[in-house]
Amino acid sequence: MDRDDLPREIPPLLPVLPLRDTVIFPLTVTSIAVGQPRSLQLVEDVQRTNRLLALLAQKEAEKIPAGPMDLHRVGTAAVVQHSLRGPDGVLRVIVQGLERIRLGEVVRQEPYLVARVERYPEERAFGLEAEALQRAVRELFAQVLERTSPELAATAQSAGTGLQLIYLIASSYPFATGERQAVIEEPSELGMLRRLHGLLQHESAVSEIKERLATQTREKLTKGQREYILREQLQAIRKELGELESEEGDLRELSEQLSKAGLPEEAKKEADRELERLRRVPPASPEHGVIRSYLEWLRDLPWNRPTGARIDVGRAREVLDADHHDLERVKERILEYLAVKKLRDERGVRIGETPLPPRRGEVRGEPILCLVGPPGVGKTSLGQSIARALERKFTRMSLGGIHDEAEIRGHRRTYIGAMPGRILQALRRVETSDPIFMLDEVDKLQVGFHGDPSAALLEVLDPAQNHAFVDTYLGVPFDLSRVLFICTANNMESIPAALLDRMEVIRLPGYTDEEKLHIARKYVLPNLLAAHGLEDGEVVVGDPALRQMIRDYTREAGVRNLERALADVIRKVAKQVSEGARPPLEARAEALRQYLGPPRFFDEVSERIDRPGVSTGLAWTPAGGEVLFIEAAMMEGREEELILTGMLGDVMRESARAALSYLRSSAPRFGIDARYFRRKSVHLHVPAGAIPKDGPSAGLPMVVALTSLVTRRIVDSAAAMTGEITLRGKVLPVGGIKEKVLAAHRAGLRRVILPRRNEGSLEDVPEEVKRALRFVFVDSIDEALADALGLHPLYAGVPEEIAPATRH
């Protein structure tokens, strides 16, 4: 139907229906789907009136609902002919375009858009140029569609001329929405024809190139050849169409980003070289993706992006005190480090600002701190507090179980899916060159057939080298000297010596019961209440309940299990609150069995030290100090034999042999017949047989247990002991004294026998623990036996100087 056959006048005000991903042209009948509530109301309202509305395409299809600024200014006035609602609730509306309109002032936006519109008539075209363009457009349209849609091509041949032909082709061929909008916005009929002619020529050229390339490569192609030719076809098509310009635009953008990334000179040269390679490699080649990924890594790494604020030592002290109880020596060491760094920064001492290598003995960059202590004492949270005090970002990497050097140093780019190591990956995530970087569980690195990751960490953690750390993937130096690395470990003995030499060790011992009580009240309990949706005061956990949890349910060096036990109690109380119980609710010590079950720990020392041949030792473990029981038995046998059980290590076995040898050689001094040991087997057992045990500190409790067995004297059940022994009867100092003393205190012991040369180690023990225990310092086994068994030698001397038996 021609426009002249439509007796419609376009009113100055029309409701506006936004269109997504489509353009409606005049003189065409089209079905559109309407699903938005405001659009549904618009259609219902116009169907009750004059059935006229304005159809305007959205600039961005994702904009819902579209506002006045989201619409193109030129569209079509249309009449609603019919509508049908589908089972999915979407309304199918048949509309017929009437004529072009231009959007004016929007007079109303709710419940839908209503705007002033004005007619936008096309400038009609006459003459030879218009006739030639019409014929060319008609022929191109038929040529493009002759294979895919011959019926539509035939329709174009029988279509009229001028605007009918233009709008039929523009609405029938699947042009992009932007191209259709450009057609409808052309002010003249001649301009529309020219634009359509250009679009159809582009489509025709693409079809011809595809056909020509398909003809050339159709026969006798293997799978590999076909893949190669298809890439060549794609390259040829892109070249013919000029689409390689977009690739060049991407490369220019990447080049600009690299120039702004602050790359050092060596990295910049490598980036320029790889960028030039990228320009020569076809985009379809796998090498193209590898090179681009490498350049994007160079672009994204924080080469020179520090974020740390000005250091305030006073504020840092407040942060550390607010986040952690006690740990005074640890805090003091951290504050010393911050004070030195502040002075260095303020007075212009910039370590590492010269490209020259460091002189012998010179330290570049931040020192590497290693926090060593049992689980749950706050090593990781201490690192987070340092980050908060310095106003730096915090990142963490767990080293437990890592057995591949490439996890630290990265993979070579020749491997599929190669990436930088986890060090640079973490720096890319935090987007800063000076974060607090915590390397957790550095003592649990493992050596695999892929290399030793601890060897890769040597360069990372060495202040004299890490200013030029070379990741295998990058292949260029990256400055790690501004990163503050903090390592954590449970057992310093498991850290390789070369790695340990590059770190400053700060020990975090276990907590006393009173310290745990304070931590639970001040830190753990408020955090758990907030995490469980409870307000302060709704749940009350008194000191008696906390003390019982500490002693009977969670004997440990840290507070991790105490936090779990408290969480169990609070969850059960929170359930009561949610069921209607009126707060405050108190978790009493008497009700802990109801909340947590029967106690898991009890005072077993007095029960086990109730017969000769049993003594109490003290051991150090990565989880803190532990109480260790030594049990001895003697049996008749065909030959003399020493039996050792309880998963004992080599050093502990040697201590047991030394203890038995000392007792046999010193037997006459204690009134023991030397023939007593003939044809007897001695069995030493250390309970908890599933747990490996080792170290020399069990030597003293072993010799006491053996002497108790032979003399039939019972060891004082309130006493525990530790110390290495010699065959000459000397007691030598051992390590881990603070942890061992805390374990004795937790177990309820009252007296601890220690080597005299360990007397200075008690400086680290809290005062309340020292007040609760009595310490006995000994130089020799004789002194230990006198205190533990009340046994004194008949005469002085050492085993090598045994006097005649008649001497008194």
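This is a short conversation about rings, charges and cysteines in a predicted model.

Visitor: Why is the pair of Tyr 294 and Tyr 473 called tilted?

Guide: Seven aromatic pairs are counted here. In the pair of Tyr 294 and Tyr 473, the ring centres are 5.9 Å apart and the planes stand at 55°. Planes under 30 degrees apart would count as stacked and over 60 as edge-to-face, so the rest are tilted.

Visitor: What makes this pair tie together parts that are 179 residues apart in sequence?

Guide: Tyr 294 belongs to helix 10 (residues 286-300), while Tyr 473 sits in the loop between strand 10 (469-470) and strand 11 (477-478), so the pair links those parts. Both Tyr 294 and Tyr 473 are buried.

Visitor: And why is the pair of Tyr 676 and Phe 677 called edge-to-face?

Guide: Their planes are at 90°, with ring centres 5.7 Å apart, so edge-to-face is the right word; the cut-off is over 60 degrees.

Visitor: Are Tyr 676 and Phe 677 buried or exposed?

Guide: Tyr 676 has 30% relative accessibility, so Tyr 676 counts as partly exposed. Phe 677 has a relative accessible area of 4%, so Phe 677 is buried, as buried means under 20%.

Visitor: How do you know that Arg 102 lies over the face of Tyr 120?

Guide: Arg 102 is 4.1 Å from the ring centre of Tyr 120, and the distance has to be within 6 Å, along with a limit on the angle.

Visitor: Why do Cys 370 and Cys 487 not form a bond?

Guide: The sulfur of Cys 370 is 5.4 Å from that of Cys 487, its closest cysteine sulfur, so they are too far for a bond; a disulfide needs sulfur atoms within 2.5 Å. The count of disulfides is zero.

Notes: Residues numbered from 1 in each chain as written. Predicted model: local features only at pLDDT ≥ 70, side-chain atom pairs only at ≥ 80, totals over all residues. Heavy atoms only, no water. Phe/Tyr/Trp six-rings, centres within 6.5 Å; stacked < 30°, edge-to-face > 60°. Helix = DSSP H or I, 4+ residues; strand = E, 2+ residues; numbered from the N terminus. Buried < 20%, exposed > 50% of the residue type's maximum accessible area, 1.4 Å probe, protein only. Lys NZ or Arg CZ within 6 Å of the ring centre and 35° of its normal.
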